[in-house]
Every structure is written in C-alpha cells, then in structure tokens.
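Got the model open in your viewer? Let's walk through it one selection at a time.

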Number of protein chains: 2
Amino acid sequence: MSITIYDVAREANVSMATVSRVVNGNPNVKPTTRKKVLETIERLGYRPNAVARGLASKKTTTVGAIIPDISSTFFSELTRGIEDIATMYKYNIILSNSDQNKEKELHLIDTMLEKQVDGIVFMGGEITEEHIEQFKTSRVPVVLAATHDETNELPSVNIDYESAAYEATKHLIETTKSQPAFITGGEHIQSNGLKYEGYIRALKDSSIEINEQIVIENEATYHGGIEGVEQLLKVAERPKAIFVTTDEMAIGVIHGIQDRGLHVPNDIEVFGFNNTRVALMVRPTLTTVVQPMYDIGAVAMRLLTKYMNKEEVDENTVILPHRIIERDSTK
Amino acid sequence: MSITIYDVAREANVSMATVSRVVNGNPNVKPTTRKKVLETIERLGYRPNAVARGLASKKTTTVGAIIPDISSTFFSELTRGIEDIATMYKYNIILSNSDQNKEKELHLIDTMLEKQVDGIVFMGGEITEEHIEQFKTSRVPVVLAATHDETNELPSVNIDYESAAYEATKHLIETTKSQPAFITGGEHIQSNGLKYEGYIRALKDSSIEINEQIVIENEATYHGGIEGVEQLLKVAERPKAIFVTTDEMAIGVIHGIQDRGLHVPNDIEVFGFNNTRVALMVRPTLTTVVQPMYDIGAVAMRLLTKYMNKEEVDENTVILPHRIIERDSTK
DNA sequence: CTGAAAGCGCTAACAA
DNA sequence: TTGTTAGCGCTTTCAG
C-alpha cells in the first residue's frame, strides 16, 4: 500500500534501524549514510506513520484539551494559547467540547486516555471526586486551565478571581459610595462563586449593609445581561453601579440600561470581567478586569510540557496577574 | 504496566480474539461469554488502546481540522459545528491553526497525514496547486469548509458569497439610490474577492458609474473598520451607505461614524456580513448577511463522514442558503 | 461461536 | 556506525 520504513531500508541498502535513526535525528549515523537515506526517503515520498511510532514508543505527541465551548470568545482565546505553545513543542491537540456537562467530561477524559494522549489540559466548571478518580486511572499529567480545584490535587493556572472581584467592587464603592449591584452567570461556574465572595468581602470591608435584592443571577449571555438589568430595575432603589461577571453580559447590561433611556456611566456605571475583544466594541467602552486568557492557555500548556518531560516543577498552582482597565463605562 | 487485551483474555479464560469481539460489539459471541468478558473488563479496569487499534485496523477515528484562527468568532462557531457532528459519528478532532499561512497549512496537512487521520476538514484562504498536490499524497478524503477551490477538484461547503454580496449591495442601492461604499478585509481571503464581484455586479446592474475611491481595504478587525471609515470620510462626497465584509469590521465602522457625530442609519447606513453574535451587541443593531457558520461546519463534517465510509455522495459541492436580516443599521 | 497466528509500522535494546 | 530482533496492543483472516 503506502511506503513504509522497510521499503526505504531496502531501497537504500540499510536496515530499518538506520532509517529510523535518521528519521528521528539520531546523531549516530554516518553523514554519507544519512544523505543516502534522506534521498531515498525523498524519492519514495516516505511519510512516517505516527500511529506505529506511538505504539512502539508509547508517546503520541498529542495532548487532549477538554473545553466547555469552543464557540465562546473566552475559551477560544484560551485555546489559541494552548495551541500555540503545543505547536512550539511539537504537540498536536485533540479538542473536545464538554458543555460543562459532567458525564461528557468524564467520557471525554476516558476517550482521550484511550487515544493515549501524553497529557490533558482540562477546562471546566467544577472538579469533583469523580474527575480526580478518572484522571487517576492513568498516570498522564493533567493541568487545569481557568478551572478551580478545591481539593488542590491538580496543577492549575488561574487568576485570583476573588481578589479581582474585590478590587472591582471596591473601585465602584469608592466612586458611588454605595452598594453596586452584582449580575452574574450562575454558580455552576466555579469562578462566579469566587467573584461573589470578593464582592461580598469588599462590601463588608466598607461596612456596607448588604442588600441581596440587587444580586441577580441569569444566563451568562448578552441577553442574560439585558434581562438581568430588567430584573434589577424593578427594585425600588436604582443602584449607581453594576458589577457584571462577564463582558458579554456587561454589554447586555449597558444596552439594557440605554434602552430605558438611562445613561452609562452618569446614571449607572458598569464594570465587566475578562476584557474579551467585545469590551472595546461597545459605546461607552467597557471598564473591565483584564484576565489574560491567551496566557492562561499558554502557561497551562507550558506547564503540561514540563510534566510530560518529567521536569522539575517548582510551582504547581500558578496564579497569573490580573488588572483593571478603566474605560468609559465607569466614572 | 497497564491492562491489555491479553490480560483480560487470560482472566476470562477466552482468547484475545473473543475479547476483541466483545469490545467491538461483534454479534458473534455467545451472551454468556460476552457477559463474562464484560465483567472481567470492568473488574480489571481495562481500557482499549486506540493507538494499537489504529495500527491494526488502519482507522484512527480521528479527523484533522485545519483552521486559520480558532480565536476568531467566525471560525470558532464553524468549528463547533464540525465538532458536534464529529462527536455524533464517534470521531475526534485534531485541531490546528494555520494563520492562513501557506507553509503552515502544507506542513499541517503533512503532520495530520502522519498521524493517520481518517479525513481532513480544511478551512483556509486560497487553495493552490501545492495544496492539491499535498492532499494527493494520500487518499484520505478532504472537505473544504467556507473555503473556495477554484479548480473545483475538492468537495466543499460554502455559501454563495457573490450572490449574497450582490443582494446586500442591491438592497443598499435601492434605499440610497447611489453607490454604497465597500469596506473589506483584503483579497488574501478568497471570499472577499467573491463579495467584491457581487458588489460590482450589483452596481453595473443598476447602471451606476463606479467610483473606486470608496472601495476601501483594511485589516479585517474592529479597528480596521474604524480606520476604514476614517479613510473613507476623507473622500469629498460622503456615501449614504457602506457595505462591510465582516460584522466585526462593520461594528468598527458604525462606531467610527458615530465618533464623528454622524448618525447610523440616518446619515450613513451600514450593512455587515456573517451575522456573528456581535451583530446584536451593538446599537443600532446590525443589518447583515446571515451565513450559517455552525451549519457549514456541521455539513462539511457530515459530508466527510460519507467519504470516509465510502458512501455514495451525489453532491460534492454544497452551497448552503444565506439570507439577509434587516436590523436597525439600515433604513 | 471461538481460538491460533500473522501481521500493522515502528522503536529500542542488544550485538556486532 | 550499523544490523538483528523482539516486542508495542490490537484486528483479522482462517480453521475448527
């Protein structure tokens, strides 16, 4: 059928082992022999079979990436970070969407392990005992990206959501001298819980009495943002500011406010989270927390390569810096 | 090391062949035997090695997806379509970014072929002779998604960009009775050429004398849109409408217009392309051409499964329907 | 319905 | 520096 290493060996009058050596850049080959082999490889159009190599060497140079939803801006930027570093280290990525669904996640881990990936980058909502169990059924390294593991058993790359939310809230409190509203996308996303904690801590810190009525949960989409404002504005006293846990929701919030004839930031200030590209694509431009998504992916993948090479790793839990970028949706 | 089919066979007192049969759902196994095998698989925690299977069966149940940039909304939605259908047919996806770079594309095709993918979904700018050559070095099926192949040698799934652009332009001509400006992202993206052709055809069709000054090319980003308007508005006569070849650019255009104190659509109408999620996330909401990105991916993947199964395919070149959705950025 | 045995294409000792 | 020889873990005839 197709050309194998054996064909090349025969044509070049050497052994398979020698061909294998030149293909793998092993230095123990006489230059003239190498040249000869290289020429017949070229002539025959030989292409090494990575599957056979994987079986023999027990390394596939592919890693699995489990992601909630590639079509979300947040994760697609993150994935790009993973992919770039993977390419840099000669790995390929098997990508799968989990929709944050635990059964799917578990099943995907299994499938990737069957495919003998050399490592896994996992992004998801919550890490449960079952996830840990599943990972333990094999000893391939796993790194979490933008995903929290309460048990702290797994290496991970994150930002400090709690502090980021604290700072954003604090910022809003300082300009408005009052409790900002909080619009969030649901607790099944782990980081939202942390953001809420930061929000609450900032309020307590400023001795503000907490009004739970202006804490709104809705779908983490643009429309969820619009609806969130509608719910919020039914409340007697209108808040002077709103902290929203994703940019996309925040843009919905801004438009929801504007649709009611109110002004951002004069009537209500709006604060987003993530600094996705859309944060600039709205008027007024969105003040937000910069979460370096690309970097989270890149660092997670880099970390994974270290584990795969069995290198020393001094820090299993990486916290990347975040910062606040002020634009026109706040004063 | 880890459990193999041989271990299971020994423990269950059957042959490897029998274990292989039950794992692969071969019906020629006595129910009691099947049960026994299944139990010891469970007990031992056996996980089939897909790499070994791939080597023996010459099928990997993974397909390659080559994509310009996963972090772009357009392609990430498309990829989601590919992935969902792939999952449905039990395939996994190896995903790689090409940045529309020909060398990278060629190299990626090679890598995927080495990994013995069962098929490839290719998204890119231009298909050259070299691409075709590269694909021909193996007989795995290839399907193009949202990518044009002038030679028409490869199966593909697209929409009719030329007609879509024609219709959009026509629409603008009817309301403004004049030549709309054209802001585009560069000719290296094949579809932009087709859109331009449609634009020109519409102008000719309406016997409008073509003013090339209001045809602007810039980077296909939000900022490229803003800059595009700036260039455009330096021209003596202000156009009454602008047709923009991507939504993201179109939003830049809208903001660029608004930043100059002009009104959309009263002073200038804006027409986008793709109907990505951001089309709704702007005020005024964007009139645009609906290109079913998810469906393009899904249909491309479905088509690929047919080729991989050697099924009859009656239509190699699929053109999916597009439509125009009028929102508030046009009158 | 089940088993034996020959590969799939390559790597990795081990010899030479 | 090069070749020989076992596997890697599974599928797939072919017999029975």
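Start by selecting Thr33(B) and DNA strand C: a polar side-chain atom of Thr33(B) sits 2.3 Å from a phosphate oxygen of the strand. That is a polar contact, meaning a pair of N or O atoms within 3.5 Å; within protein, one must be able to donate a hydrogen and the other to accept it, and residues adjacent in sequence count only if both atoms are side-chain atoms. Before you go on, know that this is a predicted model, where local features need pLDDT of at least 70, side-chain atom pairs count only at pLDDT 80 or more, and totals for chains, interfaces and linings use all residues. Residues are numbered from 1 along each chain as its sequence is written, chains are lettered from A and ligands numbered from 1 in the order in which they are written, and side-chain values use heavy atoms, with hydrogens and water left out.

Stay with DNA strand C and pick Asn49(A), where a polar backbone atom is 3.1 Å from a phosphate oxygen. Then try Ala52(A): here a polar backbone atom is 3.4 Å from a base nitrogen of strand C.

Now show everything around the strand. Which residues come nearest to DNA strand C? Of the 27 around it, they are Ile5(A), Ser20(A), Tyr46(A), Arg21(B) and Thr33(B); a residue is near a strand if one of its heavy atoms lies within 4 Å of it. Sugar and phosphate make up 63% of the atoms of strand C that come within 4 Å of the protein. Colour the surface near strand C by class and you get twelve nonpolar, ten polar and five charged residues. Here Ala, Val, Leu, Ile, Met, Phe, Trp, Tyr, Cys and Pro count as nonpolar, Asp, Glu, Lys and Arg as charged, and the others, Gly among them, as polar.

Next, switch to DNA strand D. Select Thr33(A): an N or O atom in its side chain is 2.3 Å from a phosphate oxygen of strand D. Asn49(B) offers a polar backbone atom 3.1 Å from a phosphate oxygen of strand D, and for an N or O atom in the side chain of Arg53(B) the distance to such an oxygen is 2.8 Å. Elements giving two or more residues to the surface near strand D are α2 (16–23) and α4 (50–57) of chain A, along with α2 and α4 (50–57) of chain B. Helices (H or I, at least four residues) and strands (E, at least two) are DSSP runs, numbered from the N terminus. The largest share, four residues, comes from α4(B).

Keep chain B and show α2 (residues 16–23) with α3 (residues 31–44): their axes come within 10 Å and cross at roughly 85°. That makes α2(B) roughly perpendicular to α3(B), a label for angles of 65 to 115 degrees. The contact (heavy atoms within 4.5 Å) involves, among others, Val19(B) and Val22(B) of α2(B) with Val37(B) and Leu38(B) of α3(B).

Zoom out to chain A. It splits into domain 1 (5–48), domain 2 (61–159 + 293–320) and domain 3 (161–290), with bounds from an automatic or database domain assignment. The centres of domains 1 and 3, taken over C-alpha atoms, are 63 Å apart.

Last stop: select Arg283(A) and Pro284(A), whose peptide bond is cis, with omega near -5°. Pro284(A) lies in the loop between β9 (269–274) and β10 (287–290) of chain A.

Technical notes. Axes are lines fitted to C-alpha atoms, for helices over the stretch in contact, and angles run from 0 to 180 degrees between N-to-C directions. Angles under 35 degrees count as roughly parallel, over 145 as roughly antiparallel, 65 to 115 as roughly perpendicular and the rest as oblique.
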